[in-house]
Amino acid sequence: MIPLKTFVSERRAANLLAQVRWRDGVYCPRCRAESVIRYGSYRVFQRYCCKNCDRTFNDQTGTVFEHSAVELRKWFLAVYTYIRFNTSLRQLDVEIDVSYKTVYRRVQRPEEALDAPRPQLEGPVEIDELYVKAGLKGRERDRPSRSRGLSTRGRGSYEQDKLPVFILADRGTGDRYVLPAKAADESTIRLLLANRKEESLTVYTDGFRAYEPLDEDDAFDREYVVHGDGEYADGDVHVDTCESHGSLARSWLSPHRGVSKDKITPYLRALQLRRRVYRKPGKEALKTILETAL
């Protein structure tokens with residue numbers, strides 16, 4: 001259920017912020033000391049004083065929501081709908097009546113705070129790739145304006161404005177990883193499969209030639225299907241999970257038309273966050289999203 005009460009009450013939003021931020025206890029953002037006392041209030045936020053460095057602070061200090069004239073409840077609504085419903089930033093600036101630049105700066109901060117996925121592969125592992133057309137946006141002094149054609153056919157690379165995005169599906173753990181790369185080559189594939197628990201990892205792929213060197217490596221047991229020959233599954237050998245997750249990645253990027261290729265990583269990390277909160281109730285999902293931003 002959508003946590004509507006949090007979105008209509010500034011005090012409820014402030015209480016939720018304090019609950020999430022100080023879940024391990026209140027500490028000073030400057031010196032990290034835990035010897036703090038309550039020190040009045042700042043609007044609807046609790047204020048504190050650090051007995052170690054005499055600094056005063058409140059629940060917003062040091063967060064992405066600090067120094068914002070926009071109500072906290074509006075930011076909670078924006079962050080929640082962006083992750084939960086994949087609302088575009090252009091739509092959000094209309095919904096909460098805030099400029100696009102402000103929405104972009106505040107809402108994308110949680111994405112930038114997300115750590116890069118670190119696969120610990122148990123196996124068997126499916127691996128596949130998709131290609132996203134994305135150039136460089138804007139016009140700057142040291143580079144030409146963005147190419148709008150982006151009509152390269154087939155596979156591509158970062159330099160060709162057609163980024164490869166690898167999908168890893170670990171059948172042993174059920175984890176899915178969406179990882180952008182500069183190029184779809186052997187070195188990139190080996191790097192993606194490097195962190196594994198077993199010495200020999202079973203890998204399911206399609207017939208793409210960049211996977212062929214895995215056949216000669218004892219660290220991998222590669223099995224594959226050749227889509228060009230009409231072969232899509234042979235018992236357990238298939239990459240259907242990757243293709244399904246890849247279609248989700250495409251639909252996730254679709255509302256955000258014109259994503260710059262040097263900004264695509266935060267968008268894909270947000271997709272990973274959405275998967276974490278997909279089955280959670282509204283308030284628990286909002287808490288999880290806020291934990292990544294604080």
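The legends below describe close-up views of a predicted model of one protein chain.

**Figure 1. Overview of the protein chain and its two assigned domains.** The predicted model contains ten helices and eight strands. Its C-alpha trace spans about 70 × 45 × 40 Å along the principal axes. Of the 294 residues, 47% count as buried. Among contacts with a separation of 6 or more, 59% join residues 24 or more positions apart. The domain assignment gives domain 1 (4-113 + 282-292) and domain 2 (125-140 + 151-261). The centres of domain 1 and domain 2, taken over C-alpha atoms, are separated by 36 Å. Six residues from domain 1 and four residues from domain 2 take part in the contact.

**Figure 2. Helix 3 and the residues that it buries.** The 14 residues of helix 3 should span 20 Å at 1.5 Å a residue, and the 19 Å between its end C-alpha atoms agrees with this value. Helix 3 is mostly covered, with ten of its 14 residues buried. The buried residues are Leu72, Trp75, Phe76, Ala78, Val79, Tyr80, Thr81, Tyr82, Ile83 and Arg84. Just after helix 3, Asn86 takes a positive phi of about 55°.

**Figure 3. The largest nonpolar core, centred in this view on Val107.** This core has 50 residues, and those with the most contacts inside it are Phe65, Trp75, Phe76, Tyr82, Val103 and Val107. Helix 3 gives the most to this core, contributing eight residues. Domain 1 (4-113 + 282-292) and domain 2 (125-140 + 151-261) each supply at least three residues to the core. Another core, of 21 residues, lies apart from it and includes Leu121, Tyr131, Leu179 and Tyr211. Leaving aside residues up to four places away in sequence, Val107 touches Trp75, Ala78, Tyr82, Leu89 and Leu92. Of these partners, Trp75, Ala78 and Tyr82 are among the buried residues of helix 3.

**Figure 4. Helix 8 and the elements that cover its buried residues.** Helix 8 (residues 240-253) has 14 residues and reaches 20 Å from its first C-alpha to its last, close to the 20 Å expected at 1.5 Å a residue. Its buried residues are Cys242, His245, Gly246, Ala249, Trp252 and Leu253. Seen down the axis of helix 8, these buried residues fall within an arc of 115°, so they line one face of the helix. An α-helix has 3.6 residues a turn, so residues three or four places apart point the same way. The covering elements include helix 3 (72-85), strand 4 (125-133), strand 5 (162-170), strand 6 (176-180) and helix 9 (264-277).

**Figure 5. Glu126 beside the start of helix 8 at Asp240.** Glu126 is placed in strand 4. With a relative accessible area of 0%, below the 20% limit, Glu126 counts as buried. A polar atom of the Glu126 side chain lies 3.4 Å from the backbone nitrogen of Cys242. Cys242 is itself one of the buried residues of helix 8. Beyond residues up to four places away in sequence, Glu126 touches Ile167, Leu168, Ala169, Arg171, Tyr204, His238, Val239, Asp240, Thr241 and Cys242.

**Figure 6. Surroundings of Asn58 in strand 3.** Asn58 lies in strand 3 (residues 56-58). Its relative accessible area is 12%, and Asn58 is therefore buried under the 20% limit. A polar atom of the Asn58 side chain is 2.8 Å from the backbone nitrogen of Gln60. Not counting residues up to four places away in sequence, Asn58 touches Arg21, Trp22, Tyr42, Phe45, Gln46, Arg47 and Tyr48. Asn58 and Ala18 are 40 residues apart along the chain, and their C-alpha atoms are separated by 9.2 Å.

**Figure 7. Positive phi at Arg43 and at Asn86.** Arg43 has a positive phi of about 55° although it is not a glycine. This residue is in the loop between strand 1 (36-42) and strand 2 (45-50). At 52% relative accessibility, Arg43 counts as exposed. Asn86, also not a glycine, has a positive phi of about 55°. Asn86 is in the loop between helix 3 and helix 4 (89-95). Asn86 is buried, with a relative accessible area of 12%.

Key
Residues are numbered from 1 along each chain as its sequence is written. This is a predicted model: local features need pLDDT of at least 70, side-chain atom pairs count only at pLDDT 80 or more; totals for chains, interfaces and linings use all residues. Side-chain values use heavy atoms; hydrogens and water are left out. Helices (H or I, at least four residues) and strands (E, at least two) are DSSP runs, numbered from the N terminus. The expected span of a helix is 1.5 Å times one less than its number of residues. Buried means under 20% relative accessible area, exposed over 50%, partly exposed in between (1.4 Å probe, protein chains only). The arc is that of the directions from the helix axis to the C-beta atoms. Contact means heavy atoms within 4.5 Å. A nonpolar core is a set of buried Ala, Val, Leu, Ile, Met, Phe, Trp, Tyr and Cys residues joined through side-chain atoms within 4.5 Å. Domain bounds come from an automatic or database domain assignment. A polar contact is a pair of N or O atoms within 3.5 Å; within protein, one must be able to donate a hydrogen and the other to accept it, and residues adjacent in sequence count only if both atoms are side-chain atoms.
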